Amino acid sequence: MPQPPTRPTRGRLADLAFDIRSVIGALFVVYGLVCLVWGLVSFPAEAAEKTGGINLNLWAGLGMLLMGAAFLVWVVTSPLTQDDPAVREALQEADDEGARGGEQR
């Protein structure tokens with residue numbers, strides 16, 4: 001029988017924060033917001049001439065926001081756990097390297 005969802009623990013939140021997908025998603029969101037605001041605030045006639053009337057900062061910002069949101073949703077809906085075979089293998093390799101490193105010193 002499946003376990004009911006529980007609130008994330010402090011260690012779980014740290015795992016989410018240092019997952020590379022979280023970092024990439026956050027960067028996309030930040031840069032997307034910058035481009036979006038810049039596109040809303042500043043679209044001079046010179047830029048309109050160069051782009052054929054398309055506000056590229058606005059559209060690029062929206063695209064980056066969507067991509068960042070997709071990464072962050074991916075992190076939350078499919079978190080890495082120690083039950084994942086790839087994660088278990090990486091942890092085992094890190095433990096093995098740490099044990100060998102300690103013997104060499």
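**Helix 2 and its surroundings in an all-helical model**

For the 22 residues of helix 2 (residues 20-41), a rise of 1.5 Å a residue leads to an expected span of 32 Å, and the C-alpha atoms at the two ends of the helix are indeed 32 Å apart, so expectation and model agree. The structure examined here is a predicted model, and the values reported below were computed from it.

The buried residues of helix 2 are Arg21, Ser22, Gly25, Gly32, Cys35, Leu36 and Gly39. When the helix is viewed down its axis, these buried residues fall within an arc of 165°, and they therefore line one face of helix 2. In general, an α-helix has 3.6 residues a turn, so residues three or four places apart point the same way. On the face of helix 2 that is turned away from the buried side, the exposed residues are Ile20, Val34, Trp38 and Val41.

In its overall architecture, the protein has five helices and zero strands, and its elements follow the order α-α-α-α-α from the N terminus on. Of its 105 residues, 16% count as buried, while the surface that the protein exposes amounts to about 8,400 Å², of which carbon and sulfur atoms supply 65%. Among the contacts between residues at least 6 apart in sequence, 67% join residues that are at least 24 apart.

One salt bridge is present in the structure. It is formed by aspartate 19 with arginine 21, whose closest N and O atoms are 2.6 Å apart. Side chains of opposite charge can pair when their charged atoms come close. Aspartate 19 has a relative accessible area of 8% and, because this value is under the 20% cut-off, counts as buried; arginine 21, likewise with a relative accessible area of 8%, is buried as well, and it belongs to the buried residues of helix 2 listed above.

A further buried position is found outside the helices, where asparagine 55 lies in the loop between helix 3 (45-51) and helix 4 (56-77). The relative accessible area of asparagine 55 is 12%, so this loop residue is classed as buried. When residues up to four places away in sequence are not counted, asparagine 55 touches Gly39 and Phe43, and Gly39 is itself one of the buried residues of helix 2. Between asparagine 55 and leucine 36, which are 19 residues apart along the chain, the C-alpha atoms are separated by 9.8 Å; leucine 36 is also among the buried residues of helix 2.

Terms used. Residues numbered from 1 in each chain as written. Predicted model: local features only at pLDDT ≥ 70, side-chain atom pairs only at ≥ 80, totals over all residues. Heavy atoms only, no water. Helix = DSSP H or I, 4+ residues; strand = E, 2+ residues; numbered from the N terminus. Buried < 20%, exposed > 50% of the residue type's maximum accessible area, 1.4 Å probe, protein only. Contact = heavy atoms within 4.5 Å. Areas by Shrake-Rupley, 256 points an atom, 1.4 Å probe, with all protein chains shown as cover. Expected span 1.5 Å × (residues − 1). Arc of directions from axis to C-beta. Salt bridge = Lys/Arg side-chain N within 4 Å of Asp/Glu carboxyl O.
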